[in-house]
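This briefing covers sheets, chain contacts and charged pairs in one structure. The points below are grouped by topic.

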Amino acid sequence: MSRPILEARGVTKQFGGFTALDGVELAIGPGERVGLIGPNGSGKSTFVNCLTGALTPEKGAIHFLNEDVTALPAWQRARRGLVRSFQIPRPFKKLSVIENVQVPLRFALSEPPPTGIDRRAMDILDSIGLDAKANWAPKDLSQVELRKLELGRALAANPRLLIADEAMAGLSDSEVDEIVALLERLNGEGIAVILIEHIMRAVMRFSQRIVVLVAGRKIADGDPAEVMRHEDVERAYLGQ
Amino acid sequence: MNFSWDLLLNAVTSGIMLGGFYAAVAVGITIAFGMLDIVNIAHPAFMVLGAFLAFLSINTLGIDPFLSALGFAAIAFVFGRYFYRAYYHFFERRGDDSLQGLAFFFGIMFIVEISLVLIFGVDYRLIDLPYLATTYEIGIVQIPLRLAAPCLAGVAMLVAIQFYLSRTFTGRAILAVAQDLEAVRFVGADPIRTKEIAFGIAMASAIVAGVLLIIIQSVEPSIGREFIGRAFAICVLGGMTSLPGTLLAAMILGIAETMTSTFFGPSWSPAVAFGLLLLTLAFKPSGLLGR
């Protein structure tokens, strides 16, 4: 793997006496597609929150693009290209679809896009298939369209690494395929993606590598087929 | 209780005019407290500062208070932005914005009040504008221009701010911050810049409300305290983040106060007004137009 763009080193997070993460190590290379899986309560969300700046780990460090970002607030990490989407879509309800995408374009980028904010926003909507609904209110979008908008808004922040947190939960099979195809297209543009997902069909199709967290520890990290055959993974994650 | 239609209609009319002024006071609280989560209890103190600035400008420079309000509002907007920056740096950024932040605004309130006492003394001051001395009579209803003009100015200010928030991109970004600060952060937008603009608007509105106050009634440095409870109550009653809700709540509070004052005596006014607040929240906890 070429030099990683993200390195989590010994990340430990405690809530009172409960250790949610215990020395988790992770390195993500440029343009990699990584599936992060684990049973409920395994620490996936806590780990993502530590990576993106919603939580500060007690121990360990997070390096992004060769910079220690452990102490940086969430918005500064996002500006560097470490961007997440939310499990439950959180569009800005009082803004139209295109304005939702314009918020990061106007407020997050250090320089305006070369093609201009409006053009870039339309390009993003075009790439996620929402160009025809640019002026709609988010409340009028379907569930899968809301997920796409969530990803489009993250895309507008110009990510180098996108963390898609359960972007497919509650969707039908065909809708899951749409989102996987969209993530693959984004990845094709050079964006590394960490996919956190319970839908194993999507994880197996999308991921080049799978990382498994159980009870706050990383128990496996590698080729998807090998990881799924891993004895500890079968026991802890699949309950077999 | 002496009831007559004459009294009732005049009480409602006075209530609407009072409500228009209350809207001007509360709009800044709705922005700062409702939208930005900043418990700026010094807001009414800044309003009183605005009142004294208007007093000073008409008496020393002869500038009409409605005109000077615009100039002071522009200065207050810039001051508000820097003021929020300082608040953010010392409190909000460190997560000390709950109790310490409240103590900070208490301190600011006292500093503003004491400064005004030192400069102007404790006497009551009033601006008497001859062109507002007229009282129109429509049937049995009396409309004194001295109350109607500040009411219209207050409502116009609220409508203008609502227009800015709903029709401009920056305005809607402020609403986005009010709705989901975390989501704004996670797409890399600096919410501080947006909050700074919003707080500047809130500060400017406090100064304008002060100019309206000294036209309506005589003012002394600590009179702002009388409005703290009312302004926050209007914000909550209206639904926290809704400016139309703020206007509606201000009108309801104004009418409730004048009706109570007319028919039961002024000492009952606050009890009825806040009783109304509690009753509304019991049946609609999100406020009148809250979501």
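In this predicted model, strand β1 (residues 6–15) of chain A runs antiparallel to strand β4 (residues 59–64) of chain A, and five bridges pair them. Both strands belong to an open sheet of four strands in chain A. A second open sheet in chain A has six strands, and 24 residues of chain A are in contact with 21 residues of chain B.

**Four-stranded sheet of chain A**

- Within the pairing of β1 and β4, Ala8(A) lies opposite Ile62(A) of β4(A).
- Helix α1 (residues 44–52) of chain A packs on this sheet and touches β1, β2 and β4 of chain A. The direction of the helix makes about 120° with that of β1(A).
- The strand order is β2-β1-β4-β5 (chain A), with antiparallel pairing.
- The edges are held by β2 (18–28) and β5 (67–68) of chain A; each has a single partner strand, so one side of each has no neighbour in the sheet.

**Six-stranded sheet of chain A**

- This open sheet follows the order β6-β7-β8-β3-β9-β10 (chain A), and its pairing is mixed.
- At its edges stand β6 and β10 (217–222) of chain A, each with a single partner strand, so one side of each is left without a neighbour in the sheet.
- From one strand to the next, the twist averages 20°.
- Strand β9 (residues 209–214) of chain A and β10(A) run antiparallel and are joined by five bridges. Val212(A) stands opposite Ala220(A), a residue of β10(A).
- Helix α6 (residues 173–188) of chain A packs on this sheet, where it touches β3 (33–37), β7 (161–165) and β8 (192–196) of chain A. The angle between the direction of α6 and that of β8(A) is about 155°.

**Interface of chain A and chain B**

- About 2300 Å² is buried between the two chains, and carbon and sulfur atoms give 65% of this area.
- On the side of chain A, the residues that lose the most area to chain B are Trp75(A), Lys94(A) and Phe107(A), which together give 33% of what that side buries.
- Three salt bridges are counted between chain A and chain B. In a salt bridge between the chains, the side chain of Glu182(B) meets that of Arg90(A) at 2.9 Å, N to O.
- Five residue pairs are in polar contact across the interface, both residues of each being at pLDDT 80 or more.
- At least two residues of the side of chain A that touches chain B come from each of α2 (74–80), β6 (82–85) and α3 (97–107) of chain A. The element that gives the most to this side is α3(A), with six residues.
- By residue class, this side of chain A has 14 nonpolar, two polar and eight charged residues.

**Salt bridges in the whole structure**

- Over all chains, 25 salt bridges are found.
- The side chains of Arg80(A) and Glu67(A) form a salt bridge at 2.8 Å, N to O. This pair links distant parts of the chain, with Arg80(A) in helix α2 and Glu67(A) in strand β5 of chain A, 13 residues apart.

**Hairpin of chain B**

- Strands β1 (residues 135–138) and β2 (residues 141–144) of chain B pair in the antiparallel sense over four bridges.
- Tyr136(B) is placed opposite Ile143(B) in β2(B).
- Two residues lie between the strands of this hairpin, and Gly139(B) takes a positive phi near 65° there.

Methods. Residues are numbered from 1 along each chain as its sequence is written. Chains are lettered from A and ligands numbered from 1 in the order in which they are written. This is a predicted model: local features need pLDDT of at least 70, side-chain atom pairs count only at pLDDT 80 or more; totals for chains, interfaces and linings use all residues. Side-chain values use heavy atoms; hydrogens and water are left out. Two strands pair if DSSP finds at least two bridges between them. Contact means heavy atoms within 4.5 Å. Axes are lines fitted to C-alpha atoms, for helices over the stretch in contact, and angles run from 0 to 180 degrees between N-to-C directions. Buried area is the accessible area (1.4 Å probe) that two parts lose on being put together, summed over both. A salt bridge is a side-chain nitrogen of Lys or Arg within 4 Å of a carboxyl oxygen of Asp or Glu. A polar contact is a pair of N or O atoms within 3.5 Å; within protein, one must be able to donate a hydrogen and the other to accept it, and residues adjacent in sequence count only if both atoms are side-chain atoms. Ala, Val, Leu, Ile, Met, Phe, Trp, Tyr, Cys and Pro count as nonpolar, Asp, Glu, Lys and Arg as charged, and the others, Gly among them, as polar.
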